[in-house]
2 protein chains.
Amino acid sequence: MEIEILKKSDIDDTVRRQITELYKQLNDSMKQSPLHQILQEDNHIVFAMCTIEDQIVGIALMATYKVISGHRGMVEDVVVDKNYRGKGIGRKLMERLLEEARNRHLDSVILFSGHQREAARSLYKSLGFTLRDSGVYNLKLN
Amino acid sequence: MEIEILKKSDIDDTVRRQITELYKQLNDSMKQSPLHQILQEDNHIVFAMCTIEDQIVGIALMATYKVISGHRGMVEDVVVDKNYRGKGIGRKLMERLLEEARNRHLDSVILFSGHQREAARSLYKSLGFTLRDSGVYNLKLN
């Protein structure tokens, strides 16, 4: 099992196909943004992935940006292949993102997690995340 | 009352001082990131501000980034001067951010709001935002 940070130069048809298929497990109907757009330099995305025998079995992204309240990381698009769950891959991906967050001197990292997703919640808590007394509001434009 | 988008070239000592003072109303103890860093080109921040007679009385920021699930806007640092609340300034700032979100073809806009903040919640709902069944998890690194 290897945890790596995907760079734009790593993208080829195999990577593209594997990530597209993996992401469908999170949301089959959603249009996916092209990888080369996500990894363009000025988009400031950290893209962690887990591979086992050349198969991508997990991904986790972190968008970084600077606002008045600080330099922030926002975790998005965390997916572990359904055949590889319960092996600590989600934790390893998150640890890699947090390592990168510290390297980049971020002030804080934020994520959303569904109230029903008990395993995810307990993972995030064990990594030191605390639940804020806030709701997540969403406006779909497209 | 004017709603404008602050650009890096608009920053001078007066703007810097007024925004610093205004932001202290949200959080007096928090270290504030310098404006020129927030407005650097590759940070992709939309910085809306409301001025009344050359006084900045409200701000709202939106960080934009692209992940697999789409091109997203994240609203942060919404502050209206305590002497100017209840005049619809928060709404006008949000409408300006959403106009910009549409111009930039974002897929969705997200924000957090404290469960206790009734006025804010009702504003966001009236703008079309819906509450997700998710919690906000935060990890402070600094």
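These are my notebook entries on a predicted model of two chains, A and B.

**Entry 1: confidence**

I began with the scores, as I always do with a predicted model. Chain A has an average pLDDT of 96, and 100% of its residues reach at least 70. For the complex, the predictor reports an ipTM of 0.94 and a pTM of 0.95. I keep one habit in mind here: where pLDDT is low, coordinates should not be read in detail.

**Entry 2: strand S3 of chain A**

Next I looked up strand S3 of chain A, residues 55–67. Is this strand enclosed or open? I found 12 of its 13 residues buried, so the rest of the structure largely encloses S3(A).

Then I followed its partners. On one hand there is strand S2 of chain A, residues 45–52, which pairs with S3(A) in the antiparallel sense through eight bridges. Ile52(A) has Gln55(A) of S3(A) as its bridge partner. The hairpin of S2(A) and S3(A) leaves two residues between the strands, and there I noted that Glu53(A) takes a positive phi near 45°.

On the other hand there is strand S4 of chain A, residues 70–80, antiparallel to S3(A) and joined to it by nine bridges. These two strands also make a hairpin, again with two residues between them. I checked one pair by eye: Val67(A) stands opposite Gly70(A) of S4(A).

**Entry 3: where the chains meet**

How many residues of chain B are in contact with chain A? I have 51 residues of chain B in contact with 51 of chain A. Several elements of chain B supply at least two residues each to this side, among them helix H2 (35–38), helix H3 (89–103) and strand S5 (108–114). Strand S6 of chain B gives the largest share, with 11 residues. Sorted by class, the side of chain B that touches chain A holds 24 nonpolar, 18 polar and nine charged residues.

I then looked at the strand pairing across the two chains. Strand S5 of chain A, residues 108–114, runs antiparallel to S6(B) and pairs with it over seven bridges. Along this pairing, Ile110(A) faces Asn138(B), and Ser113(A) stands opposite Gly135(B). Strand S6 of chain A, residues 130–140, is also antiparallel to S6(B), with five bridges joining the two. Tyr137(A) has Leu131(B) as its bridge partner there.

**Entry 4: symmetry**

Which turn lays chain B on chain A? I got a turn of 180° with a shift of 0.0 Å along the axis, and an RMSD of 0.0 Å. The two copies are therefore related as by a two-fold rotation axis. Among the residues of chain B, Asp42(B) comes closest to that axis, with its C-alpha at 2.7 Å. I also compared the two interface sides: 100% of the interface residues of chain B are interface residues in chain A too, so the copies meet through the same surface.

**Entry 5: the nonpolar core**

My last look-up was the largest nonpolar core, which has 76 residues. Which members touch the most others? They are Ile59, Leu61 and Leu97, listed for both chain A and chain B. Ile59(A) and Leu61(A) fall within the residue range of S3(A), the strand from Entry 2.

I picked Ile59(B) to follow further. Leaving out neighbours within four places in sequence, its contacts are Ile19(B), Leu22(B), Phe47(B), Ala48(B), Met49(B), Asp77(B) and Val79(B). A general note for my margin: in soluble globular proteins, nonpolar side chains tend to be buried together.

Definitions and conventions
Residues are numbered from 1 along each chain as its sequence is written. Chains are lettered from A and ligands numbered from 1 in the order in which they are written. This is a predicted model: local features need pLDDT of at least 70, side-chain atom pairs count only at pLDDT 80 or more; totals for chains, interfaces and linings use all residues. pLDDT is the predictor's confidence in each residue, from 0 to 100. A residue is buried if 20 or more other C-beta atoms lie within 10 Å of its own, exposed if 12 or fewer, and partly exposed in between; C-beta atoms are placed from the backbone. Helices (H or I, at least four residues) and strands (E, at least two) are DSSP runs, numbered from the N terminus. Two strands pair if DSSP finds at least two bridges between them. Two residues are in contact if their C-beta atoms, placed from the backbone, lie within 7 Å. Ala, Val, Leu, Ile, Met, Phe, Trp, Tyr, Cys and Pro count as nonpolar, Asp, Glu, Lys and Arg as charged, and the others, Gly among them, as polar. Copies are superposed by least squares on the C-alpha atoms of residues with pLDDT of at least 70 in both. A nonpolar core is a set of buried Ala, Val, Leu, Ile, Met, Phe, Trp, Tyr and Cys residues joined through C-beta atoms within 7 Å.
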